[in-house]
Amino acid sequence: MFNVLRQQARAPLRRAYATQGYVPPAAANNIGQSMIPRFKPRPVSPTFYTGLPSYFENVNTLESAITTSRNILQNLQLLPLPKFARDALPESTPVWKGKDELGFQVETKLTTARYRRLVGLLTQLEEFRKIADTAGCVEVAESIGDVTVLFQRENRDAVLAGGKKKPVQFDKYGRTYTIGRRKESSARVWMIPVQGKSQKPAAAAASSVPSVQAPLPPAAEVNESQNEATSPDLTPFLSPKPLAKTEEPTEVTATNIIINNVPLIKYFPHSLDRERIMRPFRLAGLVGAYNVFAIARGGGTTGQSGAVALGVAKGIVAHAPEVQPLLKKAKLLRRDPRAVERKKTGRRKARKAFTWVRR
């Protein structure tokens, strides 16, 4: 009872605490505005929620252009195109921008996979442009070209002109000059056809030699008239052989393959190196048709023989263009890209490690 009376007496003396924070009078007018929810603007494109909005925006634009172009060509009955008609389309080599330049354009650092995806879409769009241009649909071809030209290099003509191989030139003697390279070796090769003279056939030469027969003595003529009926004819055995006429020496055309003023068989003692040089001649069926003079520098026997073989193959194509598909299929007209791998730190060679020792 005394406790109840004591609490009632202390109640007016208790301190009251505020349940809300202190608000300065100057900010009291803005209390109502802060309670209003802020408006969040809606993104322009759904690609805003991806990590690369600019990149995917370009991808969506190209895909929509491909879909529209395909529908237009299908309505014009130009798609699907048969294989023979597709092969007959004129060749056009687009020169797309590089990975760094294209990444700067789309405002994104492109990886190799993303760059290949863009190039694949552009190539497909360029194929549709060729079909429309060949079919005479000028408006469709121009509209597609307006899209693809944004992703091509500005110096497209210069790049295409620089990529063409210069034709091999012939000098006044009919020689070709080519250069071959392999590993660290290089070779300068001169080739000239063998100037052979037409030889006379052996049968015609033998028929042109006159046969000379010596006259028989008078006694033999009398005996021959008396014994004509009883004795056999021995004239072929008694007559001397025709006089042998001295034949003129025949000129034999020899093919020379000289490297650094040394014959081939002496300069390359290993048969594998010699066979590497002779392989273009064997495939083309022109063994013994050309004289070859080469100057090889740098590297070893394998590199020098490969460099000479490349120069020989280029020279054969210059002299006989009809064998180019055969040599190209055999991969003899391009440089072998293989090279020696560099030595690594902490290893004896490129990959070979030092011998492990326990102690």
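In this predicted model, the buried residues of helix 6 are covered by elements that include helix 3 (53–75), helix 4 (83–87), helix 5 (99–105) and helix 7 (138–148). The protein as a whole has 15 helices and five strands. Of its 359 residues, 25% count as buried. Among the contacts with a separation of 6 or more, 67% join residues that are 24 or more positions apart.

**Helix 6**

- Helix 6 covers residues 112–135, and its 24 residues should span 34 Å at 1.5 Å a residue; the end C-alpha atoms are 35 Å apart, which agrees.
- The buried residues of helix 6 include the leucines Leu118, Leu121, Leu122 and Leu125.
- Two aromatic residues, Tyr115 and Phe128, are also among the buried residues of this helix.
- Charged side chains are found on the same list of buried residues, including Glu126, Arg129 and Lys130.
- Val119, Ile131 and Ala132 complete the list of buried residues in helix 6.
- Gly136 follows helix 6 and has a positive phi, near 90 degrees.

**The sheet**

- The five strands form an open sheet in the order 1-2-5-3-4, and the pairing within this sheet is mixed.
- Strand 1 and strand 4 (262–263) are the edge strands, each of which pairs on one side only.
- As a general principle, strands of a sheet pair through backbone hydrogen bonds, either parallel or antiparallel.
- Strand 2 (residues 185–193) pairs with strand 1 in the antiparallel sense, over seven bridges.
- Strand 2 also pairs with strand 5 (residues 290–297), again in the antiparallel sense, over eight bridges.

**Strand 1 and its partners**

- The side chains of strand 1 (residues 176–182) alternate between two faces.
- Thr176, Thr178, Gly180 and Arg182 point to one face and are buried, whereas Tyr177, Ile179 and Arg181 point to the other face and are not buried.
- Several residues of strand 1 can be matched with a bridge partner in strand 2: Ile179 with Arg188, Gly180 with Ala187, and Arg182 with Ser185.
- Strand 1 and strand 2 form a hairpin with two residues between them.
- Lys183 lies in the turn of this hairpin and has a positive phi of about 55 degrees.
- Ala187, the bridge partner of Gly180, also stands opposite Ala296 in strand 5.

**Two buried residues**

- Gln304 lies in helix 14.
- Gln304 has a relative accessible area of 9%, under the 20% cut-off, and therefore counts as buried.
- Leaving out residues up to four places away in sequence, Gln304 touches Ser185, Tyr267, Phe268, Ala296, Arg297, Gly298 and Gly299.
- Two of these contacts belong to pairs described above: Ser185 is the bridge partner of Arg182, and Ala296 stands opposite Ala187.
- Leu332 is placed in the segment after helix 15.
- Leu332 is also buried, because its relative accessible area of 15% is under the 20% cut-off.
- Apart from its neighbours within four places in sequence, Leu332 is in contact with Arg279, Pro280, Leu283, Leu310, Ala313 and Leu327.
- Leu332 and Gly306 are 26 residues apart in sequence, and their C-alpha atoms are 9.7 Å apart in space.

**The largest pocket**

- In general, rolling a probe the size of a water molecule over the atoms shows where empty space is left.
- The largest pocket holds about 690 Å³ of space.
- The pocket is lined by 21 residues, and the closest to its centre are Lys165, Lys166, Val168, Lys314 and Leu333.
- Strand 1, helix 14 (301–319) and helix 15 (324–329) are the elements that give two or more residues to the lining.
- The largest share of the lining, five residues, comes from strand 1.
- By type, the lining residues divide into nine charged, eight nonpolar and four polar.

How values were computed
Residues numbered from 1 in each chain as written. Predicted model: local features only at pLDDT ≥ 70, side-chain atom pairs only at ≥ 80, totals over all residues. Heavy atoms only, no water. Buried < 20%, exposed > 50% of the residue type's maximum accessible area, 1.4 Å probe, protein only. Helix = DSSP H or I, 4+ residues; strand = E, 2+ residues; numbered from the N terminus. Pairing = 2+ DSSP bridges. 1 Å grid on protein atoms, 1.4 Å probe; cavity = no way out; pocket = protein on both sides within 12 Å on 5 of 7 lines; lining within 4 Å. Points joined across faces, edges and corners; volume = space filled by probe spheres on them. Expected span 1.5 Å × (residues − 1). Contact = heavy atoms within 4.5 Å.
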